[in-house]
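Me: I would like to learn how to read a structure step by step, beginning with one chain and moving on to the place where two chains meet. Could we go through it together?
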There are 2 protein chains.
Amino acid sequence: MKELENYIIKYGKVVSDDILKVDNFLNHKIDIKLIKKMAECWYDEFKNKGVNKILTIEASGIALATMVADRFNVNLVFAKKSKTTNMSNNLYQAKVFSFTHQVENVISVDKKYLNKEDKILIIDDFLANGEAVSGLINLAKQAEAEVVGVGIAIEKGFQKAGDKLRSEGINLKSLAIIDRMDPLNSEIIFRK
Amino acid sequence: MKELENYIIKYGKVVSDDILKVDNFLNHKIDIKLIKKMAECWYDEFKNKGVNKILTIEASGIALATMVADRFNVNLVFAKKSKTTNMSNNLYQAKVFSFTHQVENVISVDKKYLNKEDKILIIDDFLANGEAVSGLINLAKQAEAEVVGVGIAIEKGFQKAGDKLRSEGINLKSLAIIDRMDPLNSEIIFRK
């Protein structure tokens, strides 16, 4: 999505060769016109797939997922994060390692809110090592729901999780894929 | 808002005389049609106030705030929660005590994203003791921004924070105000 790439170039900050800050339009302050257009892109991609639920993870995926849910006119569910394993029979749970915070989180969704009739579109802001998305796919599988697609705003192509998901047959639509970042000259190379 | 009251009666669960679970339509699974109508109510209330930014707090306020931001066609900012005081010169910060979790959180917003030209509408899902909303008002005041209103989905009227905010001159629009809950017979008394 050219407009997202332009936002990344104009407003993103390359902190290191693998860290990009986009908190001025995507995950702290949120540009509503931009995310509405992003939702439209995902709608175009997945509108014929029978999507009946949007699944994301707190916190920064929620705004995107809400716009997408509105566009599809379906409900959304956000998985909750916790640092403790509070095992309950009523939760689907998956372990997700956060490289950013070097901590293992347990993500969970109440079993009432995912079920085998669901055709799920997973939405998140970043795809790097793929831990969060894999955790969400895991939750959907536990519910025997179908994951019809994954919509990501910014994929860090150099971290290969996206390529791995694609090779596994996941219908992954990343709106911007970054193949390389150079913090010295703030250069960002997008995948064609 | 009659429809929200109906949802609360139909889908809410009175856990105790002060705890109401609404995670099946408001803060875990989210009913997109309902929150869109809620956004419309707040728009009707505040559309002539010059709102140019929506402010909320992660995580459960974000979906509501996103729908409101879309309706007003303005950007949103969500305050971040952390349990540690990571003092930085670039953040507005406020302490917020969570009665639910019996822990003091520090909420923060990057100083770049609130400023004195802002006319802010604060949005959150619940108003109980008022700690979160007071913290958000505090952040806005630090930025010398104007809080033109506060939109709350469910106000626990019996906890008096709403009445206190109104007495301080805050333009508070709660879509449902609960004056009493009885877990024995699942009775919920709304304020007229």
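Reply: Let us begin with burial, keeping in mind that this is a predicted model. A residue is called buried if 20 or more other C-beta atoms lie within 10 Å of its own, and in chain A buried residues make up 47% of the 192 residues.

Me: What radius of gyration does chain A have, and why does that value agree with a compact globule?
Reply: The idea is to set the value beside the one expected for the chain length: because a compact globule with 192 residues would have a radius of gyration near 16 Å, the 16 Å of chain A agrees. Along the principal axes, the C-alpha atoms of chain A fill a box of roughly 50 × 35 × 35 Å.

Me: How many helices and strands does chain A have?
Reply: Chain A has five helices and 11 strands, and of its contacts with a separation of 6 or more, 60% join residues 24 or more positions apart.

Me: How is the side of chain A that touches chain B to be read, and which elements give two or more residues to it?
Reply: The size of an interface is often given as the accessible area lost when the parts come together. Here we can count residues instead: 25 residues of chain A are in contact with 25 residues of chain B. The elements of chain A that give two or more residues to this side are strand S3 (29-30), helix H2 (32-46), helix H3 (62-72) and strand S5 (75-82), with the largest share, six residues, coming from H3(A). By type, the residues on this side of chain A are 12 nonpolar, five polar and eight charged.

Me: In which sense do S3(A) and strand S5 of chain B pair?
Reply: They pair in the antiparallel sense, over two bridges, and Ile30(A) has Leu76(B) as its bridge partner in S5(B).

Definitions and conventions: Residues are numbered from 1 along each chain as its sequence is written. Chains are lettered from A and ligands numbered from 1 in the order in which they are written. This is a predicted model: local features need pLDDT of at least 70, side-chain atom pairs count only at pLDDT 80 or more; totals for chains, interfaces and linings use all residues. Helices (H or I, at least four residues) and strands (E, at least two) are DSSP runs, numbered from the N terminus. The radius of gyration is taken over C-alpha atoms; the globule rule is 2.2 Å times the number of residues to the power 0.38. A residue is buried if 20 or more other C-beta atoms lie within 10 Å of its own, exposed if 12 or fewer, and partly exposed in between; C-beta atoms are placed from the backbone. Two residues are in contact if their C-beta atoms, placed from the backbone, lie within 7 Å. Ala, Val, Leu, Ile, Met, Phe, Trp, Tyr, Cys and Pro count as nonpolar, Asp, Glu, Lys and Arg as charged, and the others, Gly among them, as polar. Two strands pair if DSSP finds at least two bridges between them.
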